[in-house]
Amino acid sequence: MSTNRTANFAVDGKHVEFPVMSGTHGNDVIDIRTLGAKTGLFTYDPGFLSTASCQSKVTYIDGDKGELLYRGYPIEQLAEQCNFLEVAYLLRNGELPNAEKKTKFEDTIKKHTMVHEQLVKFYQGFRRDAHPMAVMVGVVGALSAFYHDAHDFSDAEHRSISFNRLIAKMPTIVAMTYKYSVGQPFMYPRNDLDYTANFMHMMFGTPAEEYKPNPVLVRALDVIFTLHADHEQNASTSTVRLAGSSGANPFACISAGIACLWGPAHGGANEACLEMLEEIGDVSRVGEYIKRAKDKTDNFKLMGFGHRVYKNFDPRARLMSKVCADVLSELGLENDRLFKLAKELEKIALEDDYFIEKKLYPNVDFYSGIVQKALGIPTSMFTCIFALARTVGWMTQWEEMITDPEYKIGRPRQLYTGAARRDVIQIAKR
Ligand code: ACO
């Protein structure tokens with residue numbers, strides 16, 4: 001939304017004026033789209049520290065308050081009162097479903113949970129010890145070869161089918177990735193189970209024995225999905241938008257998002273966090289690792305701490321800490337060594353001047369590894385669980401971009417600092 005305010009710049013004695021735009025919440029932005037044409041100058045902003053890359057109606061984060069809203073609703077209320085598929089419906093459609101729409105949506109998703117039998121061959125092409133995220137990048141990207149009708153993005157029906165397909169198939173694909181890594185047969189989905197219980201059946205069931213989902217654990221995993229469903233213009237979402245801005249197939253764009261998510265500075269942090277807790281091993285060594293985290297000459301970072309946007313508690317970390325306590329109590333693991341260690345690490349870091357000064361708080365990934373481990377999910381699969389949930393956000397944001405009248409192919413500028421123009425010298429004279 002435009003405002004009456006303007007931003008005035010003086011460059012080389014020339015005055016230029018830019019409109020200031022205002023959103024529903026959050027920082028106003030200076031609309032500098034005409035800067036290049038008016039001045040011949042570009043802006044320089046590596047890592048997008050001060051740049052809004054799009055307008056979006058999906059998710060809002062207030063990093064100073066530690067607030068996260070999906071379509072205006074606080075994450076705490078959604079995690080408590082809704083299931084993951086309701087949240088998926090909300091993110092995509094802008095409103096929560098009523099009971100009838102919820103049932104219809106859940107039925108639609110159930111109809112899409114199976115994958116083409118030929119997809120099995122893709123798994124067989126990977127080594128058994130391949131990292132599950134490498135498999136996910138390949139298999140999800142390969143889906144683009146199966147669904148030609150997803151190519152007409154101007155058609156709302158096609159976009160909707162693509163969304164439903166991916167949301168429905170991600171649990172199947174993630175569970176198949178796991179089964180392949182442990183050498184067990186793939187489990188077909190069960191339509192009598194809800195979304196998350198069905199995922200646990202495909203992960204932990206075998207043809208030899210019926211899997212009986214534990215409702216407390218199913219609910220915990222469902223909340224984990226909700227907490228990871230979307231998070232504004234983060235690195236992987238921006239990757240999906242950038243890949244999609246060329247008109248690429250959405251399944252291929254999601255594969256690009258998965259690749260980006262894999263990194264330890266992003267979705268790989270929960271895996272890295274659990275590895276770090278294992279490495280610290282005992283409460284007596286916490287001080288030593290805090291010292292290392294503060295040492296500029298040591299590139300060790302406290303995994304699960306810090307966030308580009310939250311400069312206060314990540315609200316998802318609070319919820320995750322509670323989910324963690326619930327799961328451990330259900331499983332009789334209240335005295336879990338890593339949970340106790342994580343609590344101690346959190347306490348010490350939150351009292352430390354370095355962490356206070358830099359506003360470094362635990363993020364969502366600090367506790368999610370402990371919960372997932374307790375649920376029986378191996379460490380290398382953690383980021384796949386994140387990808388499963390975030391696919392909702394990625395597809396929602398991809399569609400928002402595709403239908404945005406101001407949509408343009410993403411094409412950042414650069415400040416070139418390489419060699420000045422020069423001529424090639426013949427090879428004999430070099
Ligand atoms: N441990 C120790 N120091 C840290 C940490 C940390 N976890 N995080 C940031 N810092 C320090 C930096 O060294 C930097 O110090 P300086 O100002 O003296 O140079 C300062 O705090 C600011 O950190 P930046 O890395 O510049 O902040 P940025 O916003 O770019 O990075 C990030 C945020 C990538 C999340 C960072 O905090 C980090 O690497 N954390 C650990 C990994 C992690 O948990 N990632 C998960 C993010 S949440 C998610 O993706 C779901």
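How many residues surround the ligand, and which are the closest? The shell holds 18 residues, and the closest are A269, K301, F305, G306 and R308. Please keep in mind as you browse that this is a predicted model. Here is a quick tour, from the domains and the ligand shell to the core and the strands.

**Domains**
- The domain assignment splits the protein into domain 1 (2-52), domain 2 (67-265 + 391-402) and domain 3 (269-375).
- Between the centres of domain 1 and domain 3, taken over C-alpha atoms, there are 38 Å.

**Ligand shell**
- Sorted by character, the residues around the ligand comprise eight nonpolar, six polar and four charged ones.
- A269, one of the closest residues to the ligand, is also the residue at which the assigned range of domain 3 (269-375) begins.

**Nonpolar core**
- In soluble globular proteins, nonpolar side chains tend to be buried together.
- Here the largest nonpolar core has 109 residues, and M136 and I385 have the most contacts inside it.
- Helix α18 (residues 382-402) supplies the largest share of this core, with 12 residues.
- Where does this core lie with respect to domain 2 and domain 3? Both domain 2 (67-265 + 391-402) and domain 3 (269-375) give residues to the core, so it lies between them.
- Leaving aside residues up to four places away in sequence, M136 touches I173, T177, I258, C384 and A387.

**The sheet of β1, β2 and β3**
- Three strands make up an open sheet, ordered β1-β2-β3, with antiparallel pairing.
- At the edges are β1 (2-11) and β3 (29-30), each of which pairs on one side only.
- Strand β2 (residues 14-21) runs antiparallel to β3 and is joined to it by two bridges.
- V20 has I30 in β3 as its bridge partner.

**The hairpin of β4 and β5**
- In a regular strand the side chains alternate between the two faces of the sheet.
- Strand β4 (residues 59-62) shows such alternation: T59 and I61 point to one face and are buried, whereas Y60 and D62 point to the other and are not buried.
- Strand β5 (residues 67-70) runs antiparallel to β4, and four bridges join the two.
- For D62, the bridge partner in β5 is E67.
- Four residues sit between the strands of this hairpin, where G66 takes a positive phi near 75 degrees.

Key
Residues numbered from 1 in each chain as written. Predicted model: local features only at pLDDT ≥ 70, side-chain atom pairs only at ≥ 80, totals over all residues. Domains from an automatic or database assignment. Near = placed C-beta within 6 Å. Nonpolar A, V, L, I, M, F, W, Y, C, P; charged D, E, K, R; others polar. Pairing = 2+ DSSP bridges. Core = buried A, V, L, I, M, F, W, Y, C linked by C-beta atoms within 7 Å. Buried ≥ 20, exposed ≤ 12 C-beta atoms within 10 Å, placed from the backbone. Contact = placed C-beta atoms within 7 Å.
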